[in-house]
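The following paragraphs lead the reader through a single chain, from its general outline to its interior. Please consult the sequence and the model while reading.

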Amino acid sequence: MYQVPSSLAGLLSLLRPCFTQPSFQTFSMLMVGFAGRVRDCTVTGMLQAAGLAGEWHHSRAHDFFAYRRWDPDELGLLLLDFLVSVFVKVGAPIRLAVDDTLFGRSGRRVWGAHYLHDGAQPEGSGRRTRWGNCWVVVVLVVELQCLGGRLIGLPVLFRLFRPKDDQHPDPERPSQPELARGLIDMVLKRFGARIVELVMDGAYASNAWRGLPDRVTVTTRMRSNAAVHELPAPQRRAGQMGRTPLKGKKLPTLAEIAKTAIFRALLSWM
């Protein structure tokens, strides 16, 4: 009989609906190994840290990720439910951030791996392009008072991005913003009455975010030469000819708007 520390068992019990009983036992012991692992958290490393090396065959842990019937989206949403209940005040906006990260791999037979730009590598390192898996991630941004009000991001949902290439030229393969939009739509459906503040960098500023509900705000970085337009008229005018315009009146350039804009500091950096 394998025991999970009571402090951890209470948290893991919230995620139990995602698994069958055998899968939940494997998941729980892998989490024990994950928490106790000092080095990289490989599957076999987690088994060793949980004290199960030689007790369980390693295929039990590998099969949990490869063959067991559980849904990472369901697990992520249950985790998000818990994190919002603990870290977000009732009625306060849910702040989410979207980005992608490249997990470096080795070997040509790694599924879904490509040569991709790795923005986490420092300039001048000579390794701005790496071979690996690119994951689009949605994180919950929370403010921790125990760290002096510092903002941190807690990952909850993810998707594997696979770029179009000569071997897989499928034009329907979704882009990174489109993958992120699918994840955000799941969150919006989960929290149907909550205000959501969505933050992303300029790489995600695309048409994928059209049609978001009014309760969602999007903060991103635009190109300095971007052309900005008003929203199109919601209804056709009487006697209007031709198709309905997709854009409204063109606004001044961003530089001209910035000269007259009023900015308010939200954070102070020491």
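What percentage of the 270 residues of the chain count as buried? In this predicted model, the share that counts as buried is 31%. The C-alpha trace spans about 75 × 50 × 45 Å along its principal axes. Seven helices and six strands make up the secondary structure of the chain, and from the N terminus these elements follow the order α-α-α-α-α-β-β-β-β-α-β-β-α. Among contacts with a separation of 6 or more, 56% join residues that lie 24 or more positions apart.

Helix H2, residues 21–36, offers a starting point. Helix H2 has 16 residues and reaches 23 Å from its first C-alpha to its last, close to the 22 Å expected at 1.5 Å a residue. Its buried residues include Phe24, Phe27, Leu30 and Val32. Helix H1 (6–12), helix H3 (43–49) and H4 are among the elements that cover the buried residues of H2.

The packing of H2 against helix H4 (residues 58–66) can be described in detail: the angle is about 110 degrees, and the axes lie 10 Å apart. The two helices are therefore roughly perpendicular to each other. On the H2 side, Pro22, Ser23, Gln25, Thr26, Phe27 and Leu30 take part, and they meet Arg60, Ala61, Phe64 and Phe65 of H4. By class, this contact comprises six nonpolar, three polar and one charged residues.

The interior of the chain comes next. In soluble globular proteins, nonpolar side chains tend to be buried together. Here the largest nonpolar core has 34 residues, and those with the most contacts inside it are Leu96, Val98, Val138, Leu140, Ile184 and Trp209. Two or more residues each come to this core from helix H5 (72–87), strand S1 (94–104), strand S3 (129–144), strand S4 (150–161), helix H6 (176–190) and strand S5 (196–200). Leu140 illustrates the contacts: leaving aside residues up to four places away in sequence, Leu140 touches Leu80, Leu83, Val84, Ile94, Arg95, Leu96, Ile152, Gly153 and Leu154. Apart from this core lies another, of 19 residues, which includes Cys18, Phe24, Met46 and Leu75.

Helix H6, one of the contributors to the largest core, has 15 residues and reaches 22 Å from its first C-alpha to its last, close to the 21 Å expected at 1.5 Å a residue. Among its buried residues are Leu179, Leu183, Ile184, Val187 and Leu188. The cover over the buried residues of H6 includes H5, S1, S3, S4, S5 and strand S6 (216–219).

Definitions and conventions:
Residues are numbered from 1 along each chain as its sequence is written. This is a predicted model: local features need pLDDT of at least 70, side-chain atom pairs count only at pLDDT 80 or more; totals for chains, interfaces and linings use all residues. Side-chain values use heavy atoms; hydrogens and water are left out. Axes are lines fitted to C-alpha atoms, for helices over the stretch in contact, and angles run from 0 to 180 degrees between N-to-C directions. Helices (H or I, at least four residues) and strands (E, at least two) are DSSP runs, numbered from the N terminus. Angles under 35 degrees count as roughly parallel, over 145 as roughly antiparallel, 65 to 115 as roughly perpendicular and the rest as oblique. Contact means heavy atoms within 4.5 Å. Ala, Val, Leu, Ile, Met, Phe, Trp, Tyr, Cys and Pro count as nonpolar, Asp, Glu, Lys and Arg as charged, and the others, Gly among them, as polar. A nonpolar core is a set of buried Ala, Val, Leu, Ile, Met, Phe, Trp, Tyr and Cys residues joined through side-chain atoms within 4.5 Å. Buried means under 20% relative accessible area, exposed over 50%, partly exposed in between (1.4 Å probe, protein chains only). The expected span of a helix is 1.5 Å times one less than its number of residues.
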